[in-house]
Amino acid sequence: MFKEFVRKYEKNSMFVSILMLILSLFLIFMPIKSVVAVIWIFSIFVIVDGIIHIVSYCKTTPENRLINFEFAEGIMEILSGVLMLISADYLVIFLPILLGVWMIVKSIIKMQMAINFKDIEGSNWVVILICSIITLLLGIFIIANPFPTVLAVTISVLGIALAVYEIINIVESAYTMSKLK
């Protein structure tokens, strides 16, 4: 049951990471032209991810709901996505901060998962913890430096940072799933 929950969570995480990796490529190669479109796309990704979490929570067995935080995560993501859609034109300035916060929240969730794996023999929870700390620091870096020079450079750097984060997340998810087998 626990393995199935983690496997399902990691599959969802990999799917979202692939979508976010595509988003990061837009930020890298078309920074100024794509900012508002990227906010719309990101908002939709966040809403879809929230819906997936709520559906996953509803499908979870009652005994697994005790360790499941997907309902709260899903509600927060849907609300955040809707707010971003409503105010997309105004969020251009805050895009780096929004993505940085999103990366921090996701990293903290992965950190919790690593700590939960600590008691499982052979889980190599340290790898997951290290990856989550790296992505947490990356999110903090983005928030601390949203506009180091000009908007185009910031957004390109943000795209690169987001790509690195998502690649780490995909590798971490694949590693976790391989350890569950």
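This is a short talk on the aromatic rings, the empty spaces and a few single residues of one predicted model.

Okay, hi everyone. Please keep in mind that we're looking at a predicted model throughout.

Let's start with the aromatic rings. A pair of rings is described by how far apart the centres are and by the angle between the planes. How many aromatic pairs does the structure hold? There are three. Take Phe 42 and Trp 102 to begin with: their centres sit 5.7 Å apart and their planes are at 85°, an edge-to-face pair. If you trace the chain, Phe 42 is in helix H2, residues 35-59, and Trp 102 is in helix H4, residues 95-117. That's 60 residues apart, so this pair links distant parts of the chain. Are these two buried or exposed? Both Phe 42 and Trp 102 are buried.

Now a second pair, Tyr 57 with Phe 71. Here the ring centres are 5.4 Å apart and the angle between the planes is 50°. Why do we call this one tilted? Because stacked needs planes under 30 degrees apart and edge-to-face needs over 60, and 50° makes the pair tilted. Tyr 57 belongs to helix H2 and Phe 71 to helix H3, residues 70-86, so the pair ties together parts 14 residues apart in sequence. As for accessibility, Tyr 57 has 22% and counts as partly exposed. Phe 71, at 39%, is partly exposed too.

Before we leave the rings, go back to Phe 42 and Trp 102 for a second. Together with Tyr 165 they form one aromatic cluster.

Next up, empty space. Rolling a probe the size of a water molecule over the atoms shows where such space is left. The largest pocket has a volume of about 270 Å³. Which residues lie nearest its centre? They're Met 76, Ser 80, Val 101, Trp 102 and Val 105, out of 13 that line the pocket. Yes, Trp 102 again, the partner of Phe 42! Helices H2, H3 and H4 each put at least two residues into this pocket's lining, and H4 gives the most, with six. By type, the pocket lining has nine nonpolar residues, one polar and three charged.

There are also three cavities of 30 Å³ or more. The largest cavity is about 110 Å³ in volume. Its lining is made of 13 residues, and closest to the centre you'll find Tyr 9, Ser 13, Val 16, Lys 106 and Asn 169. Which helix gives the most to this lining? That's H1, with five residues. H1 covers 2-29, and it's joined by H2, H4 and helix H6, 151-180, with at least two lining residues from each of these four. The mix for the largest cavity is four nonpolar, five polar and four charged.

Keep Lys 106 in mind, because it brings us to Glu 73 through a 2.8 Å polar contact between their side chains. Glu 73 is in helix H3. Why does Glu 73 count as buried? Buried means under 20% relative accessible area, and Glu 73 has just 4%. Skipping residues up to four places away in sequence, Glu 73 touches Tyr 9, His 53, Lys 106 and Ile 109. You've met Tyr 9 already, at the largest cavity.

Another polar contact to find is between the side chains of Ser 56 and Glu 70, at 2.7 Å. Ser 56 lies in helix H2 and, with 7% relative accessibility, counts as buried. Setting aside neighbours within four places in sequence, Ser 56 is in contact with Lys 8 and Glu 70.

Two isoleucines to finish. Ile 39 is in helix H2 and is buried, at 1%. Apart from neighbours within four places in sequence, Ile 39 is in contact with Met 84, Ala 88, Leu 91, Val 92 and Leu 95. Now, how far is Ile 39 from Ile 168? Their C-alpha atoms are separated by 22 Å, with their positions 129 residues apart along the chain.

And then there's Ile 108, in helix H4. Is Ile 108 buried or partly exposed? Ile 108 is partly exposed, at 46%. From Ile 108 to Ser 17 it's 16 Å, C-alpha to C-alpha, and the two are 91 residues apart in sequence.

That's my tour, thanks for listening!

Terms used
Residues are numbered from 1 along each chain as its sequence is written. This is a predicted model: local features need pLDDT of at least 70, side-chain atom pairs count only at pLDDT 80 or more; totals for chains, interfaces and linings use all residues. Side-chain values use heavy atoms; hydrogens and water are left out. Rings of Phe, Tyr and Trp (its six-membered ring) pair if their centres lie within 6.5 Å; planes under 30 degrees apart count as stacked, over 60 as edge-to-face and the rest as tilted. Buried means under 20% relative accessible area, exposed over 50%, partly exposed in between (1.4 Å probe, protein chains only). On a 1 Å grid over the protein atoms alone, a cavity is a set of points where a 1.4 Å probe fits but cannot get out, and a pocket is an open set with protein on both sides within 12 Å along at least five of seven lines; lining residues have an atom within 4 Å of a point. Grid points are joined across faces, edges and corners, and a volume is the space filled by probe spheres set on the points. Ala, Val, Leu, Ile, Met, Phe, Trp, Tyr, Cys and Pro count as nonpolar, Asp, Glu, Lys and Arg as charged, and the others, Gly among them, as polar. A polar contact is a pair of N or O atoms within 3.5 Å; within protein, one must be able to donate a hydrogen and the other to accept it, and residues adjacent in sequence count only if both atoms are side-chain atoms. Contact means heavy atoms within 4.5 Å.
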